[in-house]
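Good morning, and thank you for the time on today's agenda. I would like to take you through one structure, moving from the overall fold to a few packing details.

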Amino acid sequence: MSTLEPSGFALGAAAASAAADASDVAAAPATAAPDPAPAVDAHGLAFTYDGSSFVLQGIDLRIERGEFVAILGGNGSGKSTLAKHMNALLTPDEGRMDVLGRDTRDPQATYLIRSQAGMVFQNPDDQLVASLVENDVAFGPENLGVPAPELRERVDESLEAVGLPGFQKRETASLSGGQKQRVATAGMLAMRPEIVILDEATSMLDPQGRASFMELCRSMHAAGKTVVMITHFMEEASQADRVVVLDGGRVACEGAPDEVLSQADLLEHLNLDVPFSCALSLALRAAGVDAGVHVRPYELKEELCRLHSKA
Ligand SMILES: Nc1ncnc2c1ncn2[C@@H]1O[C@H](COP(=O)(O)OP(=O)(O)OP(=O)(O)O)[C@@H](O)[C@H]1O
Ligand SMILES: [Mg+2]
């Protein structure tokens, strides 16, 4: 049976409970947080998986609505764990995490947070739930109660947005890693969340796929969505409004991409790449060229053209 038929597919226990929670949300506008609440607000957030070693150690992080934030950090620094706190999949052992003004530990807020903070997981196999692509993409919005004609529209639109038009009837199990990652992204887009959390969502994409994905992120950001992008690609991070670097479960530094990504020594110390244009800028300066330090390739290119035309 297709999810997209008016009858929809049978709701599993989790979906049924989410649907039940939906009525709580609909019934509770009076308790909704006022608009100025930030998208994400963590205070002293500490978390342990095993009850003894803390993998997040007192994170203070505020992300405003409409901001585009990149989160960087070496393997095991806590990025995915922090991301899972942003849609209440995990909740703090110490401190507090509010999403859109709601405490993630409040069970009454779970449905609202999960429906408004859409996440693409690091491993798409952890995310895909249906055997047919269209059912998979429809899963989230269907559980939000989106009616069938709109569901079809959202599925088609989301698959188009991730560069997989015509993949509706394909089996998810037969897709490549990059295609699965795109389907997972389409499923998140189809929910039309206010906050978009992307945990290395481009790690399996080819360069053209990554470029289109960044274009998609920019257009979501331009449309007012909050974008939180975890990435190991410095060129992606350089396009954010703000970069936050984690190390050992703590915020090691944060700031504008130009401030953070131009600190080559710090990045190397944290096991991160130095952006190519920054490394080239520094090499040119070391060779006596009077160039600034740029973290975005097109800015370095423009300066080099200016310097060349003056020579
Ligand atoms: N389900 C889990 N159970 C126990 N420990 C976990 C679990 N998931 C992660 N950890 C541990 O928590 C720490 C942080 O892991 P996390 O996955 O958040 O790191 P990350 O920054 O996302 O790393 P990567 O760049 O490899 O994706 C690591 O030490 C990891 O071993
Ligand atoms: Mg991770």
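Two residues are in contact here if their C-beta atoms, placed from the backbone, lie within 7 Å. In that sense, the cover over the buried residues of helix α11 includes α10, residues 264-269, and α12, residues 297-310. I should say at once that this is a predicted model, and that caveat applies to everything that follows.

Let me stay with α11, which spans residues 276-286. Which of its residues are buried? They are S277, C278 and S281. These residues lie on the same side of α11, because they cover an arc of only 100 degrees around the axis. As a reminder, an α-helix has 3.6 residues a turn, so residues three or four places apart point the same way. On the face of α11 turned away from the buried side we find the exposed residues A283 and A286. After the helix comes G288, with a positive phi, near 95 degrees.

Now the overall picture. The chain contains 12 helices and 10 strands. It has 311 residues, of which 41% count as buried. If we take contacts between residues at least 6 apart in sequence, 63% of them join residues at least 24 apart.

I turn next to the ligand. Around ligand 1 we find Y49, V55, G73, N75, G76, S77, G78, K79, S80, T81 and Q122. Which helix gives the most to this shell? It is α2, residues 79-86, with three residues. By class, the shell comprises two nonpolar, eight polar and one charged residues.

Helix α2 also holds M86. Why does M86 count as buried? The reason is that M86 has 25 C-beta neighbours inside 10 Å, and the threshold for burial is 20 or more. Beyond its neighbours within four places in sequence, M86 is in contact with V40, V99, A117, I197 and V228.

One of those partners, A117, belongs to strand β6, residues 117-120. A117 and M86 are 31 residues apart along the chain, yet their C-alpha atoms are separated by 7.1 Å. A117 is buried as well, with 26 other C-beta atoms within 10 Å. Its contacts, again leaving aside neighbours within four places in sequence, are M86, N87, V99, P193, I195 and I197. V99 and I197 therefore appear in the contact lists of both M86 and A117, given the C-beta criterion of 7 Å.

My last example is a pair of helices, α4 and α6. Helix α4 runs over residues 133-143, and α6 over residues 177-190. Their axes are 7 Å apart and the helices pack at an angle of about 35 degrees. The crossing of α4 past α6 is right-handed. On the α4 side the contact is made by V133, D136, V137, A138, F139, G140 and P141, and these meet V183, A186, G187 and A190 in α6. The residues of this contact divide into eight nonpolar, two polar and one charged.

Within α4, V137 deserves a closer look. V137 is buried, with 35 other C-beta atoms within 10 Å. Not counting residues up to four places away in sequence, V137 touches V183, A186, G187 and A190, and also V155, S158 and L159. Between the C-alpha atoms of V137 and D156, which are 19 residues apart along the chain, the separation is 9.1 Å.

That concludes the tour, and I would be glad to take questions.

Methods:
Residues are numbered from 1 along each chain as its sequence is written. Chains are lettered from A and ligands numbered from 1 in the order in which they are written. This is a predicted model: local features need pLDDT of at least 70, side-chain atom pairs count only at pLDDT 80 or more; totals for chains, interfaces and linings use all residues. A residue is near a molecule or strand if its C-beta atom, placed from the backbone, lies within 6 Å of it. Helices (H or I, at least four residues) and strands (E, at least two) are DSSP runs, numbered from the N terminus. Ala, Val, Leu, Ile, Met, Phe, Trp, Tyr, Cys and Pro count as nonpolar, Asp, Glu, Lys and Arg as charged, and the others, Gly among them, as polar. A residue is buried if 20 or more other C-beta atoms lie within 10 Å of its own, exposed if 12 or fewer, and partly exposed in between; C-beta atoms are placed from the backbone. The arc is that of the directions from the helix axis to the C-beta atoms. Axes are lines fitted to C-alpha atoms, for helices over the stretch in contact, and angles run from 0 to 180 degrees between N-to-C directions. A crossing is left-handed if the near helix is turned anticlockwise from the far one by less than a right angle, and right-handed if clockwise.
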